[in-house]
Amino acid sequence: MPDAPTQLAPGVHRLGNALVNCYLIEEGNDITLVDGGFPGFRPQLDAYLRDRGRTIKDIAAVILTHAHSDHVGMAEGVRSDAGAPVHVHEQDAEMARTGKVHKRDGSMLPYLVRPATWKLFLAAGRNGGGRTPDIQELSTFTAGDLDVPGRPRVIPTPGHSPGHVAFHLPELGVLIAGDALCTYNPLTGRRGPQLMAKAFAYDALQMLASLEALESIDAKLTLFGHGEPWDRAPAEAVAQAREFGLT
Ligand SMILES: [Zn+2]
């Protein structure tokens, strides 16, 4: 993917770079930012909004699939500049407030020989990934529909992090899977539907079990924290991720 934002469907936009995605969902004049990418994505967001005749003030809410730093990114800056609340699952709230990450279910060591891993580190470094501002004010949720533009339905998918969720936007036919699965593994560079590595996960077996929650969802487009959009049924992506298994 070029490092330029694109409209994927009416009211659905992808931002970020080749390694890390975040999304905008429009409902009328109001916008929800889904995940905050890296802090360094902010100029791209501002420029994209400007090109579309919009400003940061049109962002009415920020929602996080989880609170890892490559998803919190610019959220605090957007919160304070737009006056937009940041919403996260209560199990990830402490991580969003402090940046303190849970235990990991696998070692990073085997990945340190992988060029893809270094590409990710480099991209994180260039985009302020090591200096993600903590979220000063948070709104937490556990389940249900969020009262934000797009009215996303929360699909709890714990495992990658304790409070990881996916967001289903039934009216748009869109599923935002976050890191419950991906189509690009940022540690190995492998493409196609798969689970994120154990080295990034809080509980890998729970992550595997959480795929069940996505299987039955009806969506034309499934979007990920890492990798290209998927335009077949979520169940097909889940089947491929299960077949490949844990890494
Ligand atoms: Zn991620």
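In the predicted model, Glu26, Arg54 and Asp58 are joined to one another through a network of salt bridges. A search of the whole structure returns twelve salt bridges, and several of these can be described together with the exposure of the residues that take part. In helix α1, which spans residues 42–51, Arg42 and Asp46 are four residues apart and hence separated by about one helical turn, and their side chains meet in a salt bridge with an N to O distance of 3.1 Å. Arg42 counts as buried at 16% relative accessibility, whereas Asp46, at 24% relative accessibility, counts as partly exposed, the boundary for burial being under 20%.

A further salt bridge is found in helix α3 (residues 75–82), where Glu76 and Arg79 lie three residues apart, about one turn of the helix, and where the side chains of Glu76 and Arg79 meet at 2.8 Å, N to O. Glu76 is buried, with a relative accessible area of 10%, and Arg79 likewise counts as buried, at 14% relative accessibility. The salt bridge between Asp147 and Arg151, in which the closest N and O atoms are 3.2 Å apart, involves an exposed residue, Asp147, with a relative accessible area of 68%, and a partly exposed one, Arg151, for which the relative accessible area is 41%.

The zinc ion has as its protein donors Asp70 (OD), His71 (NE2), Asp179 (OD) and His226 (NE2), which lie 2.0 to 2.5 Å from the ion. The angles among the four donor atoms run from 84 to 167°, and the site of the zinc ion is irregular. A tetrahedral assignment would require all angles to lie between 85 and 135 degrees. Along the sequence, the donor residues follow the spacing D-H-x107-D-x46-H. His71 belongs to helix α2 (residues 69–72), while Asp179 is placed in the loop between β11 (174–178) and β12 (182–184), so that this pair ties together parts that are 108 residues apart in sequence. His71 and Asp179 are both buried.

Strand β11 also takes part in an open sheet of five strands, arranged in the order β8-β9-β10-β11-β14 and with mixed pairing. The edges of the sheet are occupied by β8 (144–145) and β14 (221–224), each of which has a single partner strand, so one side of each is left without a neighbour in the sheet. Within the sheet, β9 (residues 153–156) and β10 (residues 165–169) pair in the antiparallel sense over four bridges, and Arg153 has His168 in β10 as its bridge partner.

Helix α8, formed by residues 234–244, has Pro234, Ala237, Val238 and Ala241 as its buried residues. When the helix is seen down its axis, these buried residues fall within an arc of 100°, and they therefore line one face of α8. The elements that cover the buried residues of α8 include the sheet strands β11 and β14, together with β13 (191–194) and helix α7 (212–215). Just after α8, Gly245 adopts a positive phi of about 80°.

Technical notes: Residues numbered from 1 in each chain as written. Predicted model: local features only at pLDDT ≥ 70, side-chain atom pairs only at ≥ 80, totals over all residues. Heavy atoms only, no water. Donors = N, O, S within 2.8 Å, 3.2 Å for Na, K, Ca; no water. Tetrahedral: all angles 85-135°; square planar, octahedral: opposite > 155°, others 65-115°. Helix = DSSP H or I, 4+ residues; strand = E, 2+ residues; numbered from the N terminus. Buried < 20%, exposed > 50% of the residue type's maximum accessible area, 1.4 Å probe, protein only. Pairing = 2+ DSSP bridges. Arc of directions from axis to C-beta. Contact = heavy atoms within 4.5 Å. Salt bridge = Lys/Arg side-chain N within 4 Å of Asp/Glu carboxyl O.
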